[in-house]
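Trainee: Please choose a single spot in this model, look at it closely, and then work outward from it to whatever surrounds it. I would like the terms explained as they come up.

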Amino acid sequence: MRHAHTVEQVRAAEAELMARLPEGTLMQRAAAGLAATCARLLPRVYGSRVVVLAGSGDNGGDALYAGARLARRGAAVSALLLAPERVHTGGLAALRAAGGRVTTDQGEFSRADLVLDGIVGIGGRGGLRPEAQPYAAAERRGVVVAVDVPSGVDPDSGAVPGAALRADVTVCFGTYKPGLLVDPGASYAGIVQLVDIGLALPGAGVTALQHDDLAGMLPVPTVESDKYRRGVVGVAAGSARYPGAALLAVAGALRGGAGAVRYVGTAAEEVVRRFPEVLVTEGGPAGAGRVQAWVVGPGGGDGAARALEEALASPVPVLVDADGLTELARLGPAALAGRTAPTLLTPHTGEAARLLAGATAQAPPAADELAAARLASARRLAAEYRATVLLKGSTTVVAEPTGEVRVNPTGTSWLATAGSGDVLAGLAGSLLAAGLGTLDAASAAAYLHGLGGREAAAGGGPVTALDVAARLGSAWRVVRG
Ligand SMILES: NC(=O)C1=CN([C@@H]2O[C@H](COP(=O)(O)OP(=O)(O)OC[C@H]3O[C@@H](n4cnc5c(N)ncnc54)[C@H](OP(=O)(O)O)[C@@H]3O)[C@@H](O)[C@H]2O)[C@@H](O)CC1
Ligand SMILES: Nc1ncnc2c1ncn2[C@@H]1O[C@H](COP(=O)(O)OP(=O)(O)O)[C@@H](O)[C@H]1O
Ligand SMILES: [K+]
């Protein structure tokens, strides 16, 4: 599990630790880790051209001290100072003492084998300032290593309010920052490496699962298992207009670990023809047999309102997607007030905007504003509806009403293909039926779906939603090692 902490949490832990250590210890720990990573990235340190972009704060100090360490190993290190009169004096003195120099030739940025971005770190606000902006657009031949955070990325939210410096590698200190895990910020961070500097941190509000976490979370049948004990997932999806959504949601549900899939709706005939292993009933959830979780809404069309009402009236977990969400937005959060079992909402940003409009008297933010502030949007929705919310898109995030968030580290933009959300809904619903809680089911489903998408798109080709579904079994095997 990767844990990410806010700037406020990092500052508090830093103050507590600094009070017990000689001055400068943390910066030296940070610089040592940073220089070690840079040395690994260079074919050889001796003779390499390294440029340090140094801003006015401690982020610049880290970069200058790391530059000094590389200079001592024979690199030709020069520093471009963004605010010469406020540069970190200790860092600059160390660089000079090691044989490094200050330059004003911005062309050195483009010619460097390695650039250290120490313009601004967790003290940064707003995008890059004018004096730093040319570097965001400049050509580069070497690798760019961001110090703690790519400059211009908001560390807490991942928002990129103006220009930002795109890194190949980010070396962060003490903990991950949410902005390194959430797009658009994550797309500027490249590969993220953590350097332990000894901070004692509180519980993280934002986490990201890794393979090992999934391996411990996914339901695996035992000798005592039978199909009912493994869980039955009910899928109320598809309509005369959108029969395909039923097939895609069922395709996902069949790969989610439940022992059986029960389909209800107008596409029963198509479903059973394609997937003979599925139990089918026409009608709605109320008339179907027992299930341990419902998926309601994909391609539901006019039937979505009734399916939603009947599913919400049941005492089992319910996942609401697509047309079910449109209907829920019309009803507002009151529709979930009487529920005794958890509810999981899986909107894309357009549906999230509709849900917010249904929850508050204020005008909702536009879908692109929601996407730019994904963490805050998902948390707000979860709080308004008192439900777990999986907000889809580039960096899918799962938020609980408590504010706890899981960020999904897998996925590919090739997943932006019609119907892939239906597969995700079926998969997550199946994990719910198998007994996972809403947070685990949603984040595990997003993880597997993202891996399946990547595998289907391997080599960089287009994928269909059914291709993604077909790769889910292999995604299970990958995470279970
Ligand atoms: N936490 C830890 O445990 C440890 C932290 N460490 C390191 O310290 C870093 C934090 O250092 P920090 O607090 O000095 O802030 P930092 O990021 O250098 O920026 C503040 C300066 O930038 C300026 N500025 C602001 N916005 C800007 C912008 N958009 N564009 C340009 N400039 C901008 C602002 O100036 P002003 O707004 O006054 O003009 C101010 O002078 C942290 O990221 C890590 O690298 C490690 O050494 C080890 C332990
Ligand atoms: N730019 C992107 N990068 C990564 N994943 C994306 C991107 N855009 C969409 N996705 C993923 O693709 C899927 C699309 O789901 P959705 O919008 O519900 O489509 P549909 O309704 O056609 O099934 C979601 O899993 C979403 O997270
Ligand atoms: K930086």
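Mentor: Let us start from one pair of residues: L345 has V389 as its bridge partner in β16. The model is a predicted one, in which local features need pLDDT of at least 70 and side-chain atom pairs count only at pLDDT 80 or more, while totals for chains, interfaces and linings use all residues. Residues are numbered from 1 along each chain as its sequence is written, and chains are lettered from A and ligands numbered from 1 in the order in which they are written.

The pair belongs to strand β15 (residues 343–345) and strand β16 (residues 388–391), which run parallel and are joined by two bridges. Strands here are DSSP runs of E with at least two residues, helices are runs of H or I with at least four, and both are numbered from the N terminus; two strands pair if DSSP finds at least two bridges between them. Strands of a sheet pair through backbone hydrogen bonds, in a parallel or an antiparallel sense.

Moving outward, β15 and β16 sit in an open sheet of eleven strands with mixed pairing, in the order β1-β9-β18-β17-β16-β15-β14-β13-β10-β11-β12. Its edge strands are β1 (2–4) and β12 (279–281), each of which pairs on one side only. On average, neighbouring strands of this sheet are turned by 20 degrees against each other, direction ignored; such angles are taken between axes, which are lines fitted to C-alpha atoms (for helices over the stretch in contact), and in general run from 0 to 180 degrees between N-to-C directions.

Two helices lie across parts of this sheet. Helix α18 (residues 438–456) crosses β15, β16, β17 (397–399) and β18 (405–407), and runs at about 10 degrees to β16. Helix α12 (residues 304–312) lies across β10 (232–236), β13 (293–296) and β14 (318–320), at about 160 degrees to β13. In α12, the residues A304, A307, L308, E310, A311 and L312 are buried, where buried requires 20 or more other C-beta atoms within 10 Å of the residue's own, exposed 12 or fewer, and partly exposed a count in between, with C-beta atoms placed from the backbone. These buried residues of α12 pack against β10, β13, β14 and α13 (322–331); contact between two residues is called when their C-beta atoms, placed from the backbone, lie within 7 Å.

UniProt, in an unreviewed entry, assigns residues 210–479 to the domain "YjeF C-terminal"; UniProt positions follow the numbering used here, feature names are shortened, and annotations may be inferred rather than shown by experiment. That span is 44% helix and 12% strand, and its end C-alpha atoms lie 8 Å apart.

Ligand 2 is surrounded by 18 residues, the closest being K392, S394, L415, A416 and G421; a residue is near a molecule or strand if its C-beta atom, placed from the backbone, lies within 6 Å of it. Helix α17 (residues 420–433) gives the largest share of this shell, four residues. By class, the shell around ligand 2 has five nonpolar, eleven polar and two charged residues, with Ala, Val, Leu, Ile, Met, Phe, Trp, Tyr, Cys and Pro counted as nonpolar, Asp, Glu, Lys and Arg as charged, and the others, Gly among them, as polar.

A further sheet deserves a look beside this one. Seven strands form an open sheet with parallel pairing, in the order β4-β3-β2-β5-β6-β7-β8. At its edges stand β4 (101–103) and β8 (191–195), each with a single partner strand, so one side of each has no neighbour in the sheet. The twist from one strand to the next averages 25 degrees. Within this sheet, β2 (residues 49–54) and β3 (residues 76–81) pair in the parallel sense over six bridges, and A54 stands opposite L81 in β3.

Ligand 1 has 29 residues around it, with E14, G57, D58, G121 and G123 the closest. Among the contributing elements, α3 gives the most to this shell, with four residues.

Finally, the unreviewed UniProt entry places a "binding site" feature at N59, D117 and S151. These span 93 residues in sequence, yet no two of their C-alpha atoms are more than 9.7 Å apart, so they gather at one spot. N59 lies in helix α3 (residues 58–72) and counts as buried because 27 C-beta neighbours fall inside 10 Å. D117 belongs to strand β5 (residues 114–118) and likewise counts as buried, with 30 C-beta neighbours inside 10 Å.
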